[in-house]
Amino acid sequence: MIEDLRQQQIEHVRRKKREGRWKVIIGFVLILSVLVAVLSLNAYRNKTFEITYYNHSSQKIEEPFKIALLCDLHNGEFGSGNWQLIQAIAEEEPDLILIAGDMVNLTESDVSVAVSLCEKLAKLAPTYYCYGNHEGTLMHNGIHGIKIPIDQYVEDVGAVFFRQSFYHLEIKGNSVDLGAISTGLSGYEQWGAYKAEELEAADDTDFKILVSHHPDLYYEKLKKVEVDLALAGHYHGGQIRIPGLGGLYHPSGGFFPKYDGGSYQLEYANLIVSRGLGNHSLIPRINNKPELVIINVCKDEEEIKER
């Protein structure tokens with residue numbers, strides 16, 4: 001009798017262990033399935049892009065106009081030849097297209113994706129290209145001993161590659177001064193300071209736009225820059241975006257970079273930082289869909305609301 005009871009207890013323990021193992025296995029499979037589903041959905045989302053709209057008002061503006069801002073494509077494509085991206089921009093009918101750098105990869109000598117895109121964009125609206133660190137490496141250091149003249153390629157297809165301190169534009173009757181700083185913190189004093197100073201010294205009645213690939217310039221060197229609209233990219237939205245906290249990390253900005261993506265008010269300027277369109281990292285973009293930025297520029301907020 002006692003022996004039978006002991007045997008039953010042993011069998012009960014064994015059964016519980018088997019059930020426990022199966023629960024662990026089933027739980028692991030469920031977690032793995034959810035993880036695969038989330039990563040698959042995330043991979044799909046990263047093959048598409050969203051449009052983020054911003055409004056900017058200024059008393060310097062007489063007639064509303066629209067800006068399309070692109071950056072950090074990193075040789076990516078949305079449809080063959082980037083037709084989806086081009087179509088989306090065409091439908092927005094921008095008056096000015098600005099490129100804030102890193103449209104190529106410093107590890108690839110083939111820059112035809114970016115150049116072809118510039119050719120098509122230049123047919124839609126005046127297109128200005130400020131290079132980022134990837135273009136800078138290819139152009140100045142080269143790859144396999146060969147320097148890639150991206151600036152010449154871009155201008156050959158009808159876009160403007162930033163060479164001078166600023167360009168004076170007339171956009172729908174508005175006087176606009178457009179400048180760019182194509183260097184990061186390490187080269188600012190040598191290559192960027194005089195460009196910012198010359199743009200600031202331009203006619204104060206002109207609407208002033210400053211493009212910089214590197215947003216860290218705006219909290220290190222340019223937080224008091226006297227321009228109207230400041231634009232940047234580079235941080236890829238912090239790569240992994242955490243709800244309520246923002247972007248997680250970028251090598252230039254560290255953990256939770258200050259200007260990871262969005263609109264920020266500087267002392268004089270409104271800074272808009274794009275999360276970018278592509279990726280150049282082993283870590284995928286997570287909860288961070290690629291982004292095309294459209295900026296509506298008007299005289300006042302009421303005018304923006306009416307559009």
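Author: Helices, of at least four residues, and strands, of at least two, are DSSP runs numbered from the N terminus. The model discussed here is predicted. With that numbering, α4 (133-141) and α6 each supply at least two residues of the lining of the largest pocket.

Reader: Which element gives the most to that lining?

Author: That element is α4, with six residues in the lining of the largest pocket.

Reader: How much space lies in the largest pocket, and which residues are closest to its centre?

Author: The space in the largest pocket is about 410 Å³. Its lining has 21 residues, of which Y131, H140, S182, T183 and W191 are the closest to the centre. Sorted by class, the lining contains twelve polar, six nonpolar and three charged residues.

Reader: What is found in the second largest pocket?

Author: About 300 Å³ of space lies there. Among its 18 lining residues, Q239, H250, P251, H280 and S281 are the closest to the centre. Two or more lining residues come from each of α4 and β12 (249-250).

Reader: How should the open sheet be read, and which strands form its edges?

Author: One reads the strands in order of pairing: the six are β6-β7-β8-β9-β15-β14, and the pairing is mixed. At the edges stand β6 (166-171) and β14 (262-265), each of which pairs on one side only. On average, neighbouring strands are turned by 20 degrees against each other, direction ignored.

Reader: Which helix packs on this sheet?

Author: Helix α6 (residues 188-201) does, touching β6, β7 (174-181) and β8. The direction of α6 makes about 170 degrees with that of β7.

Conventions. Residues numbered from 1 in each chain as written. Predicted model: local features only at pLDDT ≥ 70, side-chain atom pairs only at ≥ 80, totals over all residues. Heavy atoms only, no water. Pairing = 2+ DSSP bridges. Axes fitted to C-alpha atoms, helices over the stretch in contact; angles between N-to-C directions. Contact = heavy atoms within 4.5 Å. 1 Å grid on protein atoms, 1.4 Å probe; cavity = no way out; pocket = protein on both sides within 12 Å on 5 of 7 lines; lining within 4 Å. Points joined across faces, edges and corners; volume = space filled by probe spheres on them. Nonpolar A, V, L, I, M, F, W, Y, C, P; charged D, E, K, R; others polar.
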